[in-house]
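Hi,

Here is the structure I said I would pass on. Have a look at it first, and then read my notes below.

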Amino acid sequence: MNLNNCHNFSDFKKLAKKKLPSPIFHYIDGAADDEITYGRNTSAFNDVDLVPNVLRGVENVDLSTTIFGKKLDLPFYLAPTALQRLFHYDGERAVGKAAQKFNTMFGVSALATVSVEEISSMIDTPKMFQFYFHKDRGLNDSCLERAKAAKFDVMALTVDTITGGNRERDLRTGFTSPPKLTLSSLFSFATKPMWGINYLTKGKFELPHLQDYVKEGTDTNTSIGQYFSTMLDQSMNWKDAEKLCSQWGGHFALKGIMSVEDAKRAVDIGCTGIMVSNHGGRQLDGSRAPFDQLAEIIDAVGDKLDVICEGGFQRGTHMLKALSLGAKACSGGRLYLYALAAGGQEGVERAIEKYKAELVRDMKLMGCTKISELNRNNLRFRR
């Protein structure tokens, strides 16, 4: 199997599994506890049907949308995810260049393996910096100032990682950052020699936003769950978020909002957007899927800030359903991470092109020529 045989999300996932050592593949693929929420994030889309219209003259389709004051050519963007150079040696460089090619937004994690300075010098597509609120205030200030100096367009504070989720797959595989060999994982690394060669020869694995402040993740092995539980500030509250919003002074979003009450508070503290997200099912298993919560949140605050639906997207039709409910845009991590692992920048570009082609085709089949024409009349929820 190669990239040319990858036609959908599942194909990229299969190829990624062939290329990555088991602990690293399962870090991408795994979620919390019994992974019920992880599955629901996608299956939620199957509980609503699309109702198309015909004879609308649909030869030209415009997929563009505007979020955080920036026009994107696609109604979806590449959400920030950690540790990308573990999945492919180019990591964020590959993803950023792919985002630039399609003029969509690229989200960069505080736990990125390429610095905001390098990314900013490389691409001029809209960029979001995803912020983790650490106990170390010097680290927090550094991240904010570096993202501001690198002229990032949006700051997104992740609010659903107040402690680490119970990611049992990582416990079983022994996944850490940086990776370490164990008796149980030795065979898996040995059978993926190209991954090991690239990891050792394509530049030192680093977490450039953190390494001057903490050893965990770059010099000291740690699991992501353990990192969240020990390094992030569990006293973080609404006042902290409001202060950070003020310090940033530009477009500011909360990532991980799931309740109407919290969405309203996000408006009150000055946010210009929220990501309705449960962290890909990796935190609180049993929590609602973003799509299931989307309508009530949009009804409450959709006219006051940009509401983005994040997580579970595997098809263009999934995105059409979220956009029809009123989401300004869709985003996700796994929707491009498997493709990154499968083929680097070429893989990510192929995945984006597949989603784009699906969206254009499905918009025509829906009888719509622009995103604003999608609405709830297009949907019927199954009882």
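**What I found**

Of the 383 residues in the protein chain, 58% count as buried. Please keep in mind that this is a predicted model.

On overall shape, a compact globule with 383 residues would have a radius of gyration near 21 Å, and the protein chain agrees with that at 20 Å. Along the principal axes, its C-alpha atoms fill a box of roughly 60 × 50 × 40 Å. The secondary structure adds up to 15 helices and twelve strands.

**The parallel strands**

I'd start with strand β5 (residues 106-109), which is covered on both faces: F106 and V108 are buried on one side, G107 and S109 on the other. That fits a general pattern: in a regular strand the side chains alternate between the two faces of the sheet. β5 pairs with strand β6 (residues 127-131) in the parallel sense, over four bridges, and G107 has M128 as its bridge partner in β6. To get from β5 to β6, the chain goes through helix α5 (residues 116-122), and this β-α-β crossover is right-handed.

From β6 you can carry on to β7. These two strands also run parallel, joined by four bridges, and M128 stands opposite V154 in β7. Together, β6, α6 and β7 make a right-handed β-α-β unit.

How many of the five residues of strand β7 (residues 154-158) are buried? Five of the five are. V154, A156 and T158 lie on one side and M155 and L157 on the other, so both faces are covered by the cut-off of under 20% relative accessible area. On to strand β8 (residues 251-257): it runs parallel to β7, with five bridges joining them. T158 has K255 as its bridge partner in β8.

The helix in that β6-to-β7 unit, α6 (residues 137-149), is also where you will find R137. R137 counts as partly exposed because its relative accessibility is 39%. If you want a sense of distance, R137 and P290 are 31 Å apart in space, C-alpha to C-alpha, and 153 residues apart in sequence.

**Salt bridges**

Side chains of opposite charge can pair when their charged atoms come close. A search of the whole structure turns up 18 salt bridges. Here are some of them.

- R40 and D47 meet through their side chains at 2.8 Å, N to O. R40 counts as partly exposed, at 26% relative accessibility, and D47 is partly exposed too, at 32%.
- D299 forms a salt bridge with R376, and the closest N and O atoms are 2.9 Å apart. D299 lies in helix α13 (residues 290-301) and R376 in the loop between α15 (334-366) and β12 (379-381), so this pair ties together parts that are 77 residues apart in sequence. D299 is exposed, with a relative accessible area of 54%, while R376 is partly exposed at 34%.
- K328 and D306 have side chains that meet at 3.0 Å, N to O. This pair links distant parts of the chain, 22 residues apart: K328 is in the loop between α14 (316-325) and β11 (329-332), and D306 is in strand β10 (residues 306-310). Is each partner buried or exposed, or somewhere in between? K328 counts as partly exposed, at 33% relative accessibility, whereas D306 is buried, with a relative accessible area of 11%.

There is also a network: K13, D29, E35 and R169 are joined into one by salt bridges that share partners.

**The bent helix**

Last, take a look at α15. What would a straight helix of 33 residues span? At 1.5 Å a residue it would span 48 Å, but α15 spans only 26 Å between its end C-alpha atoms. When you trace α15 on screen, go to G343, where the helix bends by about 140°. Another glycine, G367, follows α15, and its phi is positive, near 80°.

If you only have a few minutes, I'd look at the bend at G343 and at the D299 and R376 pair.

Cheers

Note on methods. Residues numbered from 1 in each chain as written. Predicted model: local features only at pLDDT ≥ 70, side-chain atom pairs only at ≥ 80, totals over all residues. Heavy atoms only, no water. Buried < 20%, exposed > 50% of the residue type's maximum accessible area, 1.4 Å probe, protein only. Pairing = 2+ DSSP bridges. Right-handed = clockwise from strand over helix to strand, strands pointing away. Salt bridge = Lys/Arg side-chain N within 4 Å of Asp/Glu carboxyl O. Expected span 1.5 Å × (residues − 1). Bend = angle between axes of the 7 residues up to and from the residue. Rg over C-alpha atoms; globule rule 2.2 N^0.38 Å.
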